[in-house]
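Me: Please go through this structure with me in questions and answers. I should like each reply to end on the value or name requested.

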Amino acid sequence: MYRMYDIITKKKHGEPLTEGEIRFFVEGYTNGTIPHEQASALCMAICFRGMTMEETAILTDAMASSGDRVDLSAFGDLSVDKHSTGGVGDKTTLILAPLVASLGGKVAKMSGRGLGHTGGTVDKLESIPGYRTSLSPEEFFEISNRVGVCVVGQSGVLAPADKKLYALRDVTATVDCMPLIASSIMSKKLAGGAKSIVLDVKCGSGAFMKTPEAAAELADAMVQVGQACGRNVRALITNMDVPLGTHIGNALEVKEAVSVLRGEQQDDLYRVCIALASNMLSLCMGWSVEEAEEKCIEAIRDGRAYAKFLEWIAAQGGDTAVLEDLSLLPVSPVCYALTSKEEGYLAHMETDGIGTAACLLGAGRAKKEDVIDPAAGIVLCAKVGDYVKAGQTLAYLHTRDKALLPAAERAFLASLTYSSAKPAELPLIFTR
Ligand code: URA
């Protein structure tokens with residue numbers, strides 16, 4: 001019989017916990033027999049003393065096993081998932097899920113909603129009229145099998161231990177702890193059931209991890225944990241020091257995703273999607289990354305990826321007429337041209353500030369209960385490295401209410417830094 005007091009003491013002294021102790025903690029905290037104060041003391045001790053990779057893998061597996069686990073074993077090696085650590089303008093799932101499915105992968109995926117400056121795939125998909133993000137397990141499996149792609153919201157019973165623990169960490173200053181972050185993210189991915197997982201670890205001012213070093217540390221921990229739990233895992237560290245693409249906000253991001261899928265746009269967003277999709281395909285199809293990359297480029301060029309996108313959206317009840325004619329997507333009554341007050345190179349965009357500006361326009365939530373406006377958001381006309389003149393349009397702000405403009409404009413402008421010299425270009429993909 002374990003005692004939580006002894007487990008906390010052990011970790012306080014920097015000793016590794018046994019499998020039995022970790023599982024006792026996760027089970028007890030989930031079912032309510034271990035109180036919040038003891039769980040928070042253990043989390044704080046872990047923050048100070050850390051965890052070995054073995055402890056982290058056991059914690060991850062225990063949290064993944066605390067609720068339902070999606071069984072995708074019928075897809076063999078073909079099931080593949082992607083996880084992004086979040087950012088601004090990150091609509092990669094909308095593009096790479098059908099792209100990978102068009103080339104044979106099975107993307108049966110659970111995605112989240114946006115909170116704060118970070119957007120969420122489920123909100124983006126719900127801006128397509130009729131699209132259903134809540135399906136029965138049977139429907140989820142049937143669509144994944146028939147179409148090759150299905151994306152739904154996270155079910156309440158997926159890794160409930162993580163849900164409870166994350167809420168506790170959020171109010172006890174124990175979120176920013178590498179083993180706790182890695183186990184939290186990977187527990188949900190393991191419960192999601194895919195054999196192969198590609199992690200898109202974002203790095204920069206719009207990301208959870210601000211530096212390439214911190215992002216690499218998290219990526220390393222997650223890859224090792226995933227592999228220890230029997231999955232094929234690979235991580236890419238990608239730039240979130242500037243919003244991805246030009247559109248931020250739910251329907252606006254659907255619009256941009258369609259443009260990439262139709263082969264009309266080959267910018268940073270396109271390149272990140274090709275990199276992530278080719279790594280997903282390399283893992284699930286056994287191709288080299290270079291071979292997979294060529295196939296991805298071809299599937300966009302010849303229309304297969306876009307055709308798969310339409311098939312997927314229709315399978316989940318979405319109205320594909322709005323995708324064929326994008327003017328039918330939700331539109332804001334107010335579209336304001338925000339102009340530059342200065343002249344010079346755009347040297348830096350504090351990307352979380354740009355995300356906050358989109359949120360203030362109605363595109364995101366400050367609190368979980370907030371209702372989002374699917375049409376609201378920002379379309380960027382200039383990005384880091386561009387030379388702009390005073391009076392030049394920097395962005396269009398879309399909103400339902402003119403009164404929301406001043407605060408959003410202030411947040412947007414406060415996020416910008418100008419310079420007289422052209423800033424050095426950061427890589428789009430730091431490492432794999
Ligand atoms: N996202 C998660 O899901 N968990 C963490 O601990 C941090 C970010």
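**Ligand, cores, sheet and single residues**

Me: Which residues are around the ligand?
Reply: This is a predicted model, in which local features need pLDDT of at least 70 and side-chain atom pairs count only at pLDDT 80 or more, while totals for chains, interfaces and linings use all residues. Residues are numbered from 1 along each chain as its sequence is written, and side-chain values use heavy atoms, with hydrogens and water left out. A residue is counted as near the ligand if one of its heavy atoms lies within 4 Å of it. The residues around the ligand are Tyr 166, Arg 169, Ile 181, Ser 184, Ile 185, Lys 188 and Phe 208.

Me: How far does a polar side-chain atom of Lys 188 lie from an oxygen atom of the ligand?
Reply: A polar contact here is a pair of N or O atoms within 3.5 Å; within protein, one must be able to donate a hydrogen and the other to accept it, and residues adjacent in sequence count only if both atoms are side-chain atoms. An N or O atom in the side chain of Arg 169 is 2.9 Å from a ligand oxygen, and a polar side-chain atom of Ser 184 is 2.7 Å from a ligand nitrogen. For Lys 188, the distance from a polar side-chain atom to an oxygen atom of the ligand is 2.5 Å.

Me: What percentage of the ligand's accessible area does the protein cover?
Reply: Accessible areas come from the Shrake-Rupley method with a 1.4 Å probe; for residues, only the protein chains shown count as cover. On its own, the ligand has 230 Å² of accessible area, and the share covered by the protein is 82%.

Me: Which helix gives the largest share of the largest nonpolar core?
Reply: A nonpolar core is a set of buried Ala, Val, Leu, Ile, Met, Phe, Trp, Tyr and Cys residues joined through side-chain atoms within 4.5 Å; buried means under 20% relative accessible area, exposed over 50%, and partly exposed in between (1.4 Å probe, protein chains only). The largest such core has 93 residues, and Phe 309 and Trp 312 are among those with the most contacts inside it. Helices (H or I, at least four residues) and strands (E, at least two) are DSSP runs numbered from the N terminus. Twelve residues, the largest share of this core, come from helix 12.

Me: Is Met 4 buried or exposed?
Reply: Met 4 belongs to helix 1 (residues 4-12). Leaving aside neighbours within four places in sequence, its contacts (heavy atoms within 4.5 Å) include Phe 24, Ile 34 and Leu 42. Because its relative accessible area is 4%, Met 4 is buried.

Me: Why do strand 10 and strand 12 each have one side without a neighbour in the sheet?
Reply: The open sheet has three strands in the order 10-8-12, with antiparallel pairing; two strands pair if DSSP finds at least two bridges between them. Strand 10 (387-388) and strand 12 (416-419) stand at the edges, so each has a single partner strand.

Me: Which residue in strand 12 stands opposite Met 349?
Reply: Strand 8 (residues 344-349) pairs with strand 12 over four bridges, in the antiparallel sense. The residue opposite Met 349 is Leu 416.

Me: What is the relative accessible area of Ala 173?
Reply: Ala 173 lies in the loop between helix 8 and helix 9 (178-192), and its phi is positive, near 55°, in a residue other than glycine. Ala 173 is exposed, with a relative accessible area of 60%.
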